[in-house]
Amino acid sequence: MRLLLVEDDKMIGEQLLDLLRAEGYAVDWVRDGELADTALAAQSYDLLILDLGLPKRDGMQVLRGLRARKDPLPVLITTARDALEQRIAGLDAGADDYVLKPFELDELLARVRALLRRAQGRAEPVYEHKGVSIRPATREVWDAQGQAVQLSAKEWAVLEPLLARPGLVLSRQQLEEKLYGWKDEISSNAVEVYIHGLRKKLGAELIQNVRGVGYRVPKE
């Protein structure tokens with residue numbers, strides 16, 4: 001999953017960047033509202049983590065602009081603005097969730113996972129398809145025989161979006177966007193390498209090639 005982090009505080013931004021990347025997310029980080037608008041126009045994201053007190057363009061303006069464009073991107077507001085009226089205003093402007101600073105990092109991660117599940121039309125904490133099961137909260141994976149399987153962070157980043165939406169074809173570029181942020185070096189055959197590893201661990205039939213288009217997990 002690829003996330004956009006909009007946070008002007010350098011210390012908080014670096015901490016969240018490291019935390020989210022350690023959880024296997026590809027993350028782009030910008031520090032003002034104008035750069036946030038530029039990033040949202042140029043790149044497709046799975047979740048926006050948005051501070052409100054931003055330079056150049058306030059977070060509420062970013063949020064209102066996003067919703068005015070009919071963009072359904074899930075938005076998690078992180079802010080020190082703790083007045084009830086401000087929280088209500090953020091939610092009414094189109095935010096999906098709200099967490100006040102200072103927050104517990106584990107709580108932030110849980111809210112991120114919940115919003116991503118909801119965006120995929122899933123409420124359950126475990127996804128199961130063709131006997132393969134995954135638990136996003138803990139990154140646990142079980143094969144069709146019920147045996148636990150160890151995946152690398154990059155293998156997980158490829159498997160999760162495919163298994164979450166069986167039948168949906170994702171191109172190599174779309175999968176690369178789930179794997180890498182702006183400053184990461186992308187290997188020319190990285191996706192193919194991770195697909196090969198997943199097939200060895202979970203079965204050759206789980207992930208299909210769609211010639212000239214990309215990859216998918218077939219529907220039941």
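A charge is taken to sit over an aromatic ring if NZ of Lys or CZ of Arg is within 6 Å of the ring centre and within 35 degrees of the ring normal. In this predicted model, that description applies to R139, which lies over the face of Y25 at 5.1 Å from the ring centre. Pairing between aromatic rings is another matter, since a search of the whole structure finds zero aromatic pairs.

The helices can be followed through their contacts, and two packed helices are described by the angle between their axes and the distance between the axes. Helix α6, which spans residues 153-164, takes part in a contact with helix α8, residues 190-202, where the two axes come within 9 Å and cross at roughly 75°. Because angles of 65 to 115 degrees count as roughly perpendicular, α6 is roughly perpendicular to α8. On the α6 side the contact is made by K154, E155, V158, L159 and L162, and on the α8 side by Y194, I195, G197, L198, K201 and L202. Sorted by class, the contact of α6 with α8 has seven nonpolar residues, one polar residue and three charged residues.

Helix α6 also meets helix α7, residues 172-179, and here the axes come within 9 Å and cross at roughly 125°. The two helices, α6 and α7, are therefore oblique to each other, and their crossing is right-handed. The contact involves K154, A157, V158, P161 and L162 of α6 together with L175, K178 and L179 of α7; these residues divide into six nonpolar, no polar and two charged. K154, V158 and L162 of α6 thus appear in the contact with α8 and also in the contact with α7.

Earlier in the chain, helix α1 (residues 10-22) and helix α5 (residues 105-119) have axes that come within 11 Å and cross at roughly 55°. That angle makes α1 oblique to α5, and the crossing of α1 and α5 is right-handed. In this contact Q15, L16, L19 and L20 of α1 meet L105, L108 and L109 of α5, a set that divides into six nonpolar residues, one polar residue and no charged residues.

Two details of the backbone remain, both of them in loops. P102 is found in the loop between β5 (97-100) and α5, and the peptide bond that leads from K101 to P102 is cis, with omega near -5°. K56, in the loop between β3 (47-50) and α3 (59-68), has a positive phi of about 70° although it is not a glycine.

Methods
Residues are numbered from 1 along each chain as its sequence is written. This is a predicted model: local features need pLDDT of at least 70, side-chain atom pairs count only at pLDDT 80 or more; totals for chains, interfaces and linings use all residues. Side-chain values use heavy atoms; hydrogens and water are left out. Rings of Phe, Tyr and Trp (its six-membered ring) pair if their centres lie within 6.5 Å; planes under 30 degrees apart count as stacked, over 60 as edge-to-face and the rest as tilted. Axes are lines fitted to C-alpha atoms, for helices over the stretch in contact, and angles run from 0 to 180 degrees between N-to-C directions. Helices (H or I, at least four residues) and strands (E, at least two) are DSSP runs, numbered from the N terminus. Angles under 35 degrees count as roughly parallel, over 145 as roughly antiparallel, 65 to 115 as roughly perpendicular and the rest as oblique. Contact means heavy atoms within 4.5 Å. Ala, Val, Leu, Ile, Met, Phe, Trp, Tyr, Cys and Pro count as nonpolar, Asp, Glu, Lys and Arg as charged, and the others, Gly among them, as polar. A crossing is left-handed if the near helix is turned anticlockwise from the far one by less than a right angle, and right-handed if clockwise.
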